[in-house]
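Student: Hi, could you walk me through this one? I'm new to it.

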Amino acid sequence: MYLIITALAAAVATAFWYKNRLNDKLHLGALCLMYWGAALMWLVDCVAAIIAGEEEIIDTSLNAALLGICSVALGLAIWLILLLIRSRRNKSQATSINSH
Amino acid sequence: MACFAAPLAEAVITTVLMKRFEKKEKMTDAPNESQAGIPWSRKLKWLNNLLWGGSALLALEHIWHGEIIPQFPFLTALKEPGGVLPMLGEIATVGVGMAAFVTLVWFFMIKIADARAKKAAVSGKTAETEPCI
């Protein structure tokens, strides 16, 4: 279930990034790649489960859905922290240029 | 168990490589992006985002399933007797598979992006075909 939720989040983030691709001030590209990275890795995990002959390949329980939501939230949190770091760095660079 | 260890190790290597390429590109007056394709530091940044992001979300999954614990040795497989070999086996198969698959997808991604950047340079358009990631 978390594979499906993360892949959906990746698709939504990609759609937003594509809409703002010429002026990506929010660095949505990083968020897209983060979600796609996780979705691809879980896809490989799924294929490995199929090869191993596991019966339940996609866990559709509430616990798995919650994990998917938490994964999306973690991705958003990392992206927000990256945004904050970048904006601070840009501000400090701008002030150092102005002082010279 | 700890399959995300392989993509995480690759992420560390590609981050070091990206920093080196950044330094090199700053020192040598790098040619126009559209003329020489997309710089390697930017391409490696995409791979870094894929690998670090994916590993972080996978680490959360492992914490959720109790495979990573907050005390030494941090992995439950290391605590269990006879758990080390299956863990290493999983890293070598599933983990390496994950890292290889992500790298393969990135490889096709940079091929397409490079082709579009070169096409844009020929036609004289840059902004439309070179989105910033």
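**Getting to know chain B**

Tutor: Happily! In chain B, 39% of the 133 residues count as buried, meaning under 20% relative accessible area with a 1.4 Å probe, protein chains only. This is a predicted model, where local features need pLDDT of at least 70 and side-chain atom pairs count only at pLDDT 80 or more, while totals for chains, interfaces and linings use all residues. Residues are numbered from 1 along each chain as its sequence is written, chains are lettered from A in the order in which they are written, and side-chain values use heavy atoms, without hydrogens and water.

Student: Cool. How many helices and strands are there in chain B?

Tutor: Five helices and zero strands, taking helices as DSSP runs of H or I with at least four residues and strands as runs of E with at least two.

Student: And how many residues of chain B are in contact with chain A?

Tutor: 28 residues of chain B are in contact with 30 of chain A; contact means heavy atoms within 4.5 Å.

Student: How many salt bridges are there across that interface?

Tutor: The rule finds zero between chain B and chain A; it asks for a side-chain nitrogen of Lys or Arg within 4 Å of a carboxyl oxygen of Asp or Glu.

Student: Which elements of chain B give two or more residues to the side that touches chain A?

Tutor: Helix 3 (40-64) and helix 5 (84-123). Helix 3 of chain B gives the most, with 14 residues.

Methods. Buried < 20%, exposed > 50% of the residue type's maximum accessible area, 1.4 Å probe, protein only.
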